[in-house]
Amino acid sequence: TLNEHGYKILRVNSVKLLHELGNSRKVRFRTNEVAVFNHSPRRYYYIFRNTIAVGRKHHRRVQCFRWNLKRLWLVLRYEDELAEKVGYIIRGVFDGMFDRI
């Protein structure tokens, strides 16, 4: 992380950024309500790749694996463009596992 390499993180309260996450909606998952974001396939590639890479680097493999399984299940169950998204997710998983960042 930046802190580990001696950098400081500064906060500027006056800066605004429009950050859209896709077409999100809430769905029932077990006893909770969870957000399904319907991200683009390319965005899912980076989400899965980076989650695995960070999990490996910070010794949180099990937590990241569980998070990715839950996210994959939500994608398969509630989202469109499944074939393309699953293809990007698979590539992201392999690239994260083999440090292709």
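Helix H1 and helix H3 cross with a right-handed sense, in a model that is predicted. H1 covers residues 41–57 and H3 covers residues 82–97, and the two pack at an angle of about 25° with their axes 7 Å apart. Since angles under 35 degrees count as roughly parallel, H1 and H3 are therefore roughly parallel to each other. On the side of H1, the contact is made by Pro41, Arg42, Tyr44, Tyr45, Phe48, Arg49, Ile52, Ala53 and Arg56, while H3 contributes Glu84, Lys85, Tyr88, Ile89, Arg91, Gly92, Val93, Asp95, Gly96 and Met97. Sorted by character, the residues of this contact between H1 and H3 divide into 10 nonpolar, 2 polar and 7 charged.

One of the charged residues in that contact, Asp95 of H3, repays a separate look. With a relative accessible area of 13%, Asp95 is buried, because residues under 20% are counted in that class. When its neighbours within four places in sequence are left aside, Asp95 is in contact with Tyr45, Arg49 and Arg100; Tyr45 and Arg49 are also among the H1 residues that make the contact between the two helices.

These two helices belong to a protein chain whose secondary structure comes to 3 helices and 2 strands, and from the N terminus on the elements run β-β-α-α-α. Taken along the principal axes, the C-alpha atoms of the chain fill a box of roughly 45 × 35 × 30 Å. Of the 101 residues in the chain, 27% are buried. Among the contacts between residues at least 6 apart in sequence, 59% join residues at least 24 apart.

The strands and the remaining helix come together in the nonpolar core. In soluble globular proteins, nonpolar side chains tend to be buried together. Here the largest nonpolar core has 6 residues, namely Val27, Phe29, Val34, Val36, Leu74 and Tyr78, and the elements that give two or more residues to this core are strand S1 (25–29), strand S2 (32–36) and helix H2 (61–78). Phe29 can serve as an entry point to this group: leaving aside its neighbours within four places in sequence, Phe29 is in contact with Val34, Lys70, Trp73 and Leu74, and of these partners Val34 and Leu74 are themselves listed in the core.

Helix H2 also holds Arg71, which is buried with a relative accessible area of 12%. Beyond its neighbours within four places in sequence, Arg71 is in contact with Ala35, Phe37, Tyr44 and Phe48, and this list includes Tyr44 and Phe48, two of the H1 residues that also take part in the contact with H3. For a sense of distance across the model, the C-alpha atoms of Arg71 and Gly96 are separated by 16 Å, with the two residues 25 apart along the chain.

Two residues outside the helices deserve attention for their backbone geometry. His59, in the loop between H1 and H2, has a positive phi of about 55° although it is not a glycine, and with a relative accessible area of 68% His59 is exposed. Asp99, placed in the segment after H3, likewise has a positive phi of about 55° without being a glycine. Asp99 is exposed at a relative accessible area of 53%, whereas Asp95, in helix H3, is buried at 13%.

Terms used
Residues numbered from 1 in each chain as written. Predicted model: local features only at pLDDT ≥ 70, side-chain atom pairs only at ≥ 80, totals over all residues. Heavy atoms only, no water. Axes fitted to C-alpha atoms, helices over the stretch in contact; angles between N-to-C directions. Helix = DSSP H or I, 4+ residues; strand = E, 2+ residues; numbered from the N terminus. Parallel < 35°, antiparallel > 145°, perpendicular 65-115°, else oblique. Left-handed = near helix turned anticlockwise from the far one by under 90°. Contact = heavy atoms within 4.5 Å. Nonpolar A, V, L, I, M, F, W, Y, C, P; charged D, E, K, R; others polar. Core = buried A, V, L, I, M, F, W, Y, C linked by side-chain atoms within 4.5 Å. Buried < 20%, exposed > 50% of the residue type's maximum accessible area, 1.4 Å probe, protein only.
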